[in-house]
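This report goes through pockets, ring pairs, a disulfide and salt bridges in one protein model. Please have the sequence and the 3D view at hand while reading.

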Amino acid sequence: MGAKKPNESMSKPMTEPNPEKIKRSRWLILAMLAVIIIPSIGALILFVGGWRPDSTKNYGELVVPARPLVNIQLQTLENKQIDETDLQRKWTLIYFATNSCGEDCQKNLYNLRQIHIAQGKNQPRIRRMLILADNSFRNSAVKIRMDYPDLTIVGGSKMAVRNFVEQFRLPAGSPLEDKGRVYIIDPLGNLMMSYPAGSDPTGIRKDLSRLLYVSHIG
């Protein structure tokens, strides 16, 4: 019998890795990673730095940076003490009554209730709060409570109310000057968005829906 031929595959010499090809492959991988990662890092840096594009989807005016509300010493109509922790855990729609809540005030309270109802299953994640800027019409707020039983109505001493009001001061003024504005407080207790008097309730509703959709808190 003739001798067996050696396995041809075994007889072929091993090909040495080409250093140039390995180097090119590594650079290609690094370039692909850079294309993916660098824009994300850049966007994160800009966001943390407070930059926002001019054409955002929100209807309201962002408060940048978001403003923590502190040292709150107010009371509900039932004399329950309200502090900063009571503005946490939920999204809060705040409206300031700077008089005895006339026609414009009543219209805003109605709109805020409809915005709340329109959130459907997310209603428990929201609260509405009316701030009485003057305790002299505290008694008239009892009727408001009858019309809006799920509305939290809050007042306090002149000093306590003044301290609270000033924390809402924006370029357009404080709530006592820039009347009729609606404010949104996030579940961490930060003032983060507002809407000037006469804002379209549909725009507020859509903004709130987006916040509830993307938020994992509150």
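## The second largest pocket

In this predicted model, helix α3 gives the most to the lining of the second largest pocket, with five residues. The elements that give two or more residues to this lining are β4 and α3, the latter spanning residues 103-117. The lining of the second largest pocket comes to 17 residues. Nearest the centre of the pocket lie Tyr95, Asp104, Cys105, Asn108 and Gly180.

The space in the second largest pocket is about 280 Å³. By class, the residues of its lining divide into eight polar, six nonpolar and three charged.

## The cavity

How many cavities of 30 Å³ or more are there? The count comes to one. The space in this largest cavity is about 60 Å³. Its lining includes Asn108, Asn111, Leu112 and Ile115, and helix α3 gives the most to this lining too, with four residues. The elements that give two or more residues are α3 and α6, with α6 covering residues 201-214. Pro201 and Ile204 are among the lining residues, as are Gly180, Val182, Tyr195, Pro196, Gly198 and Ser199.

Which classes of residue make up the lining of the largest cavity? Seven of the residues are nonpolar and five are polar, with no charged residues. Asn108 and Gly180 appear in the lining of the largest cavity, and both are also listed among the residues nearest the centre of the second largest pocket.

## The disulfide

A disulfide is a covalent bond between the sulfur atoms of two cysteines. The whole structure holds one disulfide. It joins Cys101 to Cys105, with the sulfur atoms 1.9 Å apart. The torsion about the S-S bond of Cys101 and Cys105 is about -80°, so this disulfide is left-handed.

Are Cys101 and Cys105 buried or exposed? Both cysteines are buried. Cys105 is also one of the residues nearest the centre of the second largest pocket.

## Aromatic pairs

A pair of aromatic rings is described by the distance of the centres and the angle of the planes. The count of aromatic pairs comes to six. One of the pairs is formed by Phe96 and Phe164, which are tilted, at 6.0 Å centre to centre and 40° between the planes. This pair links distant parts of the chain: Phe96 is in strand β4 (residues 91-97), while Phe164 is in helix α5 (residues 158-166), 68 residues apart. Phe96 is buried, with a relative accessible area of 4%, and Phe164 is buried as well, with a value of 2%.

Phe168 and Tyr183 form an aromatic pair that is edge-to-face, with 5.0 Å between centres and 80° between the planes. Phe168 lies in the loop between α5 and β7 (182-185), and Tyr183 lies in strand β7, so the pair ties together parts that are 15 residues apart in sequence. The relative accessible area of Phe168 is 0%, so Phe168 counts as buried. Tyr183 is likewise buried, with a relative accessible area of 0%. Ring pairs link Phe96, Phe164, Phe168 and Tyr183 into a cluster.

## Salt bridges

Side chains of opposite charge can pair when their charged atoms come close. Across the whole structure there are nine salt bridges. In one of these, Glu78 pairs with Arg145, the closest N and O atoms being 2.5 Å apart. Glu78 lies in the loop between β2 (74-76) and β3 (81-82), and Arg145 lies in helix α4 (residues 141-147), so this pair ties together parts that are 67 residues apart in sequence.

A salt bridge also forms between the side chains of Glu166 and Arg169, at 2.9 Å from N to O. Glu166 is partly exposed, with a relative accessible area of 38%, and Arg169 is partly exposed at 32%. The side chains of Asp207 and Arg210 meet in a salt bridge at 3.1 Å, N to O. Both residues of this pair lie in helix α6, three residues apart, or about one turn of the helix. Asp207 has 3% relative accessibility and counts as buried, whereas Arg210, at 37%, counts as partly exposed. Elsewhere, Glu61, Asp178 and Arg181 are joined into one network by salt bridges that share partners.

Notes. Residues numbered from 1 in each chain as written. Predicted model: local features only at pLDDT ≥ 70, side-chain atom pairs only at ≥ 80, totals over all residues. Heavy atoms only, no water. Phe/Tyr/Trp six-rings, centres within 6.5 Å; stacked < 30°, edge-to-face > 60°. Buried < 20%, exposed > 50% of the residue type's maximum accessible area, 1.4 Å probe, protein only. Disulfide = S-S within 2.5 Å. 1 Å grid on protein atoms, 1.4 Å probe; cavity = no way out; pocket = protein on both sides within 12 Å on 5 of 7 lines; lining within 4 Å. Points joined across faces, edges and corners; volume = space filled by probe spheres on them. Nonpolar A, V, L, I, M, F, W, Y, C, P; charged D, E, K, R; others polar. Salt bridge = Lys/Arg side-chain N within 4 Å of Asp/Glu carboxyl O.
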